[in-house]
Amino acid sequence: MASTHSIPSHTKAWVYSQYGIIEDVLKFDPNVPTPHPKEDQVLIKVVAAALNPVEIKRALGQLKDIDSPLPTVPGYDVAGVVVSVGEKVNKFKVGDEVYGDINETALNNPKTVGSLSEYTVAEEKVLAHKPSNLSFVEAASLPLAIITAYQGLERVEFSSGKSLLVLGGAGGVGSLVIQLAKHVFEASRIAATASTTKLEFLRKLGADLAIDYTKENYEEITEKFDVVYDAVGDSERAVKAANEGGKVVTILPPGTPPAIPFLLTSDGAVLEKLQPYLENGRVRPILDPKSPFPPGTPLFCISWFFKYN
């Protein structure tokens, strides 16, 4: 196991030992045992982390039947520096700047020491080298959301020349779906829904048609779409917005048929594939203007999902 970094036996982390509202149960613990990387893992010195909506569900105990045991250090998304590598790790070396979603499967037994810690471990296959033009904070905001956006479009075989409607286009996943559809998949036309104050934001992301869901029922407009990407859990209405032969992919329950339910698998190869688009600025992270939150506050990297969704 290669390492040139002085690694402490214990690390500082945010931890909850019981289920409840995350602001109430999340506590700072300066004495959490530092995880040791397995042969296919790296140990990361965390520079930035982000929380996603799944963290709220975990903390409330909604996933406790398939969750990892308490106490839990939350956090899926991470950006940091490799300080130790397992014997079978080939892609990374000590000193590399990396980022990724550390849990390959989002819901089933995620890591007990997540990214809200000074140190965390992750399998080599879920990580990628940090894009050179992104800060650690920008990089940490991306993995779970951008992989979900990309794999969801792949799941319905989205391709050049197809039209797309994004439900929740101003949210964490939705804002990246718009960008990927435009710049990576080369969509012919992109529509997206948001509230009144966020319509211009949708246009800046690349949407050709911005729909105010507070004033208009998107499924009743004349135009129909080859693919509807449901990022808000509205699949029953979403299927009415697809054209004949069109497809609907949804990332939230209930996933009413014929909508296709989808849950990401964390994959560093997706991040590597998207690296050129991130480095040339065509696809970009969108951060809450109030972020990053300082490390002295318990919610120092709550995802900007809550700002824009």
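Trainee: What makes E5 and strand E7 (residues 127-129) a pair?

Mentor: Three bridges join E5 to E7, and the two run antiparallel. Two strands pair if DSSP finds at least two bridges between them, so with three bridges E5 and E7 qualify. One of the contacts sets tyrosine 99 opposite its bridge partner in E7, alanine 128. Keep in mind that this is a predicted model, where local features need pLDDT of at least 70, side-chain atom pairs count only at pLDDT 80 or more, and totals for chains, interfaces and linings use all residues. Residues are numbered from 1 along each chain as its sequence is written, and side-chain values use heavy atoms, with hydrogens and water left out.

Trainee: Which residue of E5 is the bridge partner of valine 78?

Mentor: That's glycine 100. Strand E4 (residues 77-85) is joined to E5 by five bridges, running antiparallel.

Trainee: Why is E5 (residues 97-101) called largely enclosed?

Mentor: Four of its five residues are buried, so the rest of the structure largely encloses E5. Buried means under 20% relative accessible area (exposed is over 50%, partly exposed in between; 1.4 Å probe, protein chains only).

Trainee: And what makes strand E3 (residues 41-50) largely enclosed?

Mentor: Eight of the 10 residues of E3 are buried, so the same wording applies: largely enclosed by the rest of the structure.

Trainee: How do you know which strands E3 pairs with?

Mentor: Count the bridges. E3 pairs with strand E6 (residues 119-123) over five bridges, in the antiparallel sense, and glutamine 41 stands opposite glutamate 123 there. Eight bridges join E3 to E4, also antiparallel, with valine 42 opposite valine 85.
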